[in-house]
Amino acid sequence: MAQRRSLNVNGKSVRISIDDPDMPLLYALRDNLALKGPRFGCGLGQCGACTVHIDGKAVRSCQMPMSSITPQQKVVTLEGLGSP
């Protein structure tokens, strides 16, 4: 059964539906929010292609389960860095 989850991504509050709470954050960002900055690379958290910032700390989104992200945490992708 799908769950609704709230996230703060690039300064905006968003809600997504997920079927698996252990789904990697990378899939939510790319598939549910259509963000293409974080990329799938090795899937093991070694290459860094999927790196995002969570509360200012660099993390590998392919290894970060959705169940460990709270609505209060701030997720920043490449799209959220710099000026347009």
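This is a short walk through the predicted model of one protein chain, from the overall fold down to a few single residues.

I'll start with the whole chain. There is 1 helix and there are 5 strands. Read from the N terminus, the order is β-β-α-β-β-β. The radius of gyration is 12 Å, close to the 12 Å that the globule rule gives for 84 residues, so the chain is as compact as a globular protein of that length. If you lay the C-alpha trace along its principal axes, the spans come to about 35 × 30 × 20 Å.

Some totals next. Buried residues make up 33% of the 84. The chain exposes about 5,000 Å², and 51% of that comes from carbon and sulfur atoms. Among contacts with a separation of 6 or more, 42% are between residues 24 or more positions apart. On charge, there are 10 positive and 6 negative ones, and their mean positions lie 7 Å apart.

Now the strands. Which strands does β1 pair with, and in what sense? Strand β1, residues 3-9, pairs with β2 in the antiparallel sense, over 7 bridges. In that pairing, Arg5 stands opposite Ile16 of β2. Strand β1 also pairs with β5, residues 74-76, this time in the parallel sense and over 2 bridges. There, Asn8 is the residue opposite Lys74 of β5.

The β1 and β2 strands form a hairpin with 2 residues between them. One residue to look at in that turn is Asn10, in the loop between β1 and β2. Its phi is positive, about 55°, although Asn10 is not a glycine. As background, most residues other than glycine have a negative phi. Is Asn10 buried, partly exposed or exposed? Asn10 has 24% relative accessibility, so it counts as partly exposed; the buried class stops at under 20%.

Next, two valines from the hairpin strands. Val9 sits in β1, and with 5% relative accessibility it counts as buried. Leaving out residues up to four places away in sequence, Val9 touches Val14, Leu29, Leu33, Leu35 and Val75. Val9 and Lys74 are 65 residues apart along the chain, yet their C-alpha atoms are separated by 6.2 Å. That fits with the β1 and β5 pairing I just described.

The other valine is Val14, in strand β2, residues 12-18. Why does Val14 count as buried? Its relative accessibility is 19%, and the cut-off is under 20%. Beyond its neighbours within four places in sequence, Val14 is in contact with Arg5, Ser6, Leu7, Val9 and Leu33. Val14 and Leu29 are 15 residues apart in sequence and 11 Å apart in space, C-alpha to C-alpha.

Leu29 takes us to the helix. Helix α1 covers residues 25-32, and its buried residues are Leu25, Leu26, Ala28 and Leu29. An α-helix has 3.6 residues a turn, so residues three or four places apart point the same way. What covers the buried residues of α1? The cover includes β1, β2, β3 and β5, with β3 being residues 51-54. Val9 of β1 is one example of a strand residue touching Leu29.

Just after α1 comes Ala34, with a positive phi of about 55°. Like Asn10, Ala34 is a residue other than glycine with a positive phi. Ala34 lies in the loop between α1 and β3. Its relative accessible area is 52%, so Ala34 is exposed, the cut-off for that class being over 50%.

Last, a loop residue with no exposure. Where is Ser61? Ser61 is in the loop between β4, residues 57-60, and β5. Its relative accessible area is 0%, so Ser61 is buried. Not counting residues up to four places away in sequence, Ser61 touches Pro24, Leu25, Leu26, Pro38, Cys50 and Val52. Two of those names came up a minute ago: Leu25 and Leu26 are among the buried residues of α1. Val52 falls within β3, one of the strands covering that helix.

To recap the loops: Asn10 is partly exposed, Ala34 is exposed, and Ser61 is buried. For the strands, β1 has β2 as its antiparallel partner and β5 as its parallel one.

Notes. Residues are numbered from 1 along each chain as its sequence is written. This is a predicted model: local features need pLDDT of at least 70, side-chain atom pairs count only at pLDDT 80 or more; totals for chains, interfaces and linings use all residues. Side-chain values use heavy atoms; hydrogens and water are left out. Helices (H or I, at least four residues) and strands (E, at least two) are DSSP runs, numbered from the N terminus. Buried means under 20% relative accessible area, exposed over 50%, partly exposed in between (1.4 Å probe, protein chains only). Contact means heavy atoms within 4.5 Å. Two strands pair if DSSP finds at least two bridges between them. The radius of gyration is taken over C-alpha atoms; the globule rule is 2.2 Å times the number of residues to the power 0.38. Accessible areas come from the Shrake-Rupley method with a 1.4 Å probe; for residues, only the protein chains shown count as cover. Lys and Arg count as positive and Asp and Glu as negative; His and the chain ends are not counted. The place of a charge is taken as NZ of Lys, CZ of Arg, CG of Asp or CD of Glu.
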